Amino acid sequence: MLTPPRTVVRRDGGLYALERALQRRGFRHVAGADEAGRGACAGPLVAAAAVLPEGRRGEIDELADSKLLTPAARERVYDEVVARALAYAVVVIPAEEVDARGLHVCNLAAMRRALASLTTRPEYVLTDGFGVDGLDVPGLAVWKGDRVAACVAAASVLAKVTRDRIMVELDGRFPGYGFAEHKGYITAEHSAALRERGPCREHRFSYVNVAAVSGRDGQPPRARRPAAGGPDPVLPGRVGGRPDEPMERSGAPGGTVGVALGEQPRPPASVGEDVVMEGGVR
């Protein structure tokens with residue numbers, strides 16, 4: 001039995017080289033998956049998947065890792081990806097689910113759900129950084145995949161633009177934190193607002209920096225987020241405040257959701273950029 005020839009992808013082959021190599025080997029529909037918001041301590045985690053068409057139609061001007069693009073360029077690329085993609089899907093995981101299930105579990109589940117939601121079934125999957133199990137097609141985890149594979153870069157733009165738009169909307173509902181500027185990442189301005197105001201319901205209480213300013217750092221992670229319903233500890237002496245108000249920093253026991261013990265604070269991220277990974281910087 002003859003061994004098929006080895007496929008070589010040159011480092012200088014450009015953003016489309018890896019997909020083109022897979023397509024030459026018979027994998028016509030190559031999907032990319034990526035996320036945004038992993039390093040943020042507020043707001044949702046957003047994952048996206050995309051399948052770009054073969055040939056010139058799949059080549060999008062300015063397409064690159066979303067973190068390397070200006071906000072205006074991301075919006076232009078987002079529109080092009082939506083217009084040209086054979087299929088794309090975006091999954092939004094709210095902060096309370098991140099607290100309940102843990103960041104990495106939610107990350108994998110969100111990418112898996114985004115890939116499963118594609119209307120064009122992928123024949124091969126490329127993911128950024130780490131593999132996603134539970135898929136019924138072959139796949140490859142690519143280090144810095146959003147800078148190496150066009151379909152992963154497209155997914156990164158979809159996820160980033162979607163999440164940034166959500167954070168701008170949340171800035172109107174939860175004023176005073178600067179969500180529209182830093183998008184929920186751990187900047188000096190965000191940390192100062194947390195110390196002054198305490199966390200709001202869109203913060204991730206399983207993150208050590210949020211737990212510390214909420215007075216819940218001595219609680220097990222699964223008791224950090226306040227229970228849904230019942231009295232709302234918004235301001236001293238008040239009961240039943242609006243859900244979009246900051247919460248009083250209190251040591252009272254909360255709900256029963258969180259993440260595993262031992263989670264460490266995230267390093268500071270660049271303003272508005274999704275650059276911090278769990279346990280390090282990519």
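These legends go with a set of close-up views of a predicted model.

**View 1. The whole chain, before zooming in.**
The predicted protein chain has eight helices and seven strands. Of its 282 residues, 53% count as buried. Take the contacts with a separation of 6 or more, and 67% of them come from residues 24 or more positions apart. A search of the whole structure turns up eleven salt bridges, and some of them get their own views below.

**View 2. α2 packed against α5.**
Two packed helices are described by the angle between their axes and the distance between the axes. For α2 and α5, the axes come within 9 Å and cross at roughly 120°. That angle falls outside the 65 to 115 degrees counted as roughly perpendicular and is not over 145, so the two helices are oblique to each other. The crossing of α2 and α5 is left-handed. On the α2 side, the contact is made by Arg74, Glu75, Val77, Tyr78, Val81 and Val82. Helix α5 brings Ala154, Val157, Leu158, Lys160, Val161, Thr162, Asp164 and Arg165. Sort the residues of this contact by type and you get eight nonpolar, one polar and five charged.

**View 3. The salt bridge between aspartate 164 and arginine 74.**
Here we stay with α2 and α5 and pick out one charged pair from their contact. The side chains of aspartate 164 and arginine 74 meet in a salt bridge, at 3.6 Å from N to O. Aspartate 164 lies in helix α5 (residues 150-173) and arginine 74 in helix α2, so the pair ties together parts that are 90 residues apart in sequence. Are these two partners buried or exposed? Arginine 74 has a relative accessibility of 3% and aspartate 164 one of 10%; buried means under 20%, so both count as buried.

**View 4. A loop-to-loop link, arginine 28 with glutamate 54.**
These two side chains form a salt bridge, and the closest N and O atoms are 2.9 Å apart. Which parts of the chain does the pair tie together? Arginine 28 sits in the loop between α1 (17-24) and β1 (30-36), while glutamate 54 sits in the loop between β2 (45-51) and α2 (71-84), so the link joins parts that are 26 residues apart in sequence. Arginine 28 is partly exposed, at 46% relative accessible area. Glutamate 54 is partly exposed too, at 35%.

**View 5. A salt bridge within helix α3, and a small network.**
Arginine 101 and glutamate 97 meet in a salt bridge of 3.1 Å, N to O. Both residues lie in helix α3 (residues 95-101), four residues apart, which is about one turn of the helix. Arginine 101 is partly exposed, with a relative accessible area of 40%. As a companion to that pair, look at Arg20, Arg56 and Glu59, which are linked in a network of salt bridges.

**View 6. Two residues with positive phi.**
Most residues other than glycine have a negative phi. Glutamate 62 is not a glycine, yet its phi is positive, at about 75°. You'll find glutamate 62 in the loop between β2 and α2, where it is partly exposed at 41% relative accessible area. Lysine 183 also has a positive phi, near 60°. Its place is the loop between α6 (179-182) and α7 (188-197). With a relative accessible area of 12%, lysine 183 is buried.

Definitions and conventions:
Residues are numbered from 1 along each chain as its sequence is written. This is a predicted model: local features need pLDDT of at least 70, side-chain atom pairs count only at pLDDT 80 or more; totals for chains, interfaces and linings use all residues. Side-chain values use heavy atoms; hydrogens and water are left out. A salt bridge is a side-chain nitrogen of Lys or Arg within 4 Å of a carboxyl oxygen of Asp or Glu. Buried means under 20% relative accessible area, exposed over 50%, partly exposed in between (1.4 Å probe, protein chains only). Axes are lines fitted to C-alpha atoms, for helices over the stretch in contact, and angles run from 0 to 180 degrees between N-to-C directions. Angles under 35 degrees count as roughly parallel, over 145 as roughly antiparallel, 65 to 115 as roughly perpendicular and the rest as oblique. A crossing is left-handed if the near helix is turned anticlockwise from the far one by less than a right angle, and right-handed if clockwise. Contact means heavy atoms within 4.5 Å. Ala, Val, Leu, Ile, Met, Phe, Trp, Tyr, Cys and Pro count as nonpolar, Asp, Glu, Lys and Arg as charged, and the others, Gly among them, as polar.
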